[in-house]
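Dear colleague,

Please find below the sequence and structure that I am handing over to you. My findings follow directly after.

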Amino acid sequence: MSHTLYLTFGKKYKVVKAFIDFDGIIHSAGETWTFVRTDFLPYEDGLTLIVIPNNSSEEISYRLQWRVGQQAEIIDHFKEYVEEIK
């Protein structure tokens, strides 16, 4: 399993299709943030996005789990949910 989400450090991104992360946080269309990095926890299929939300200077983590019934659909089709702001 590759966990590359095609995100680039320092680039700004926008949620274009709402999704709910592992912690139940709703990420609505229009939400923006700057990508910092991802961390992968293989024994739990955990994928963490570390970002800086718009209008903030603090990093925050959004957790996803790469399992059917969790966020596998979001991870597998991430380009449908988040796009780079150019």
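The notes below describe the sheet, one of its strands and the nonpolar core.

Please bear in mind that this is a predicted model. Its five-stranded sheet is open, with antiparallel pairing and the strand order E6-E5-E4-E1-E7. Strand E6 (60-65) and strand E7 (82-84) form the edges, each pairing on one side only. On average, neighbouring strands of the sheet are turned by 45° against each other, direction ignored.

At one edge, E6 pairs with strand E5 (residues 46-53) in the antiparallel sense over six bridges; Ile50 has Ser61 in E6 as its bridge partner.

Towards the other edge, E1 is joined to E4 by three bridges and to E7 by three bridges, again antiparallel. Lys14 takes part in both pairings: it stands opposite Thr32 in E4, and its bridge partner in E7 is Glu83. The side chains of E1 alternate, with Tyr13 and Val15 buried and pointing to one face, whereas Lys12 and Lys14 point to the other face and are not buried.

The largest nonpolar core comprises 19 residues. Among those with the most contacts inside this core are Leu5, Leu7, Phe19, Trp33 and Val82. Strand E1 (12-15), strand E4 (32-41), E5, E6 and helix H1 (72-76) each contribute at least two of the core residues. Leaving aside neighbours within four places in sequence, Val82 is in contact with Tyr13, Lys14, Val15, Val16, Phe19 and Trp33.

With kind regards

Conventions:
Residues are numbered from 1 along each chain as its sequence is written. This is a predicted model: local features need pLDDT of at least 70, side-chain atom pairs count only at pLDDT 80 or more; totals for chains, interfaces and linings use all residues. Side-chain values use heavy atoms; hydrogens and water are left out. Two strands pair if DSSP finds at least two bridges between them. Helices (H or I, at least four residues) and strands (E, at least two) are DSSP runs, numbered from the N terminus. Axes are lines fitted to C-alpha atoms, for helices over the stretch in contact, and angles run from 0 to 180 degrees between N-to-C directions. A nonpolar core is a set of buried Ala, Val, Leu, Ile, Met, Phe, Trp, Tyr and Cys residues joined through side-chain atoms within 4.5 Å. Buried means under 20% relative accessible area, exposed over 50%, partly exposed in between (1.4 Å probe, protein chains only). Contact means heavy atoms within 4.5 Å.
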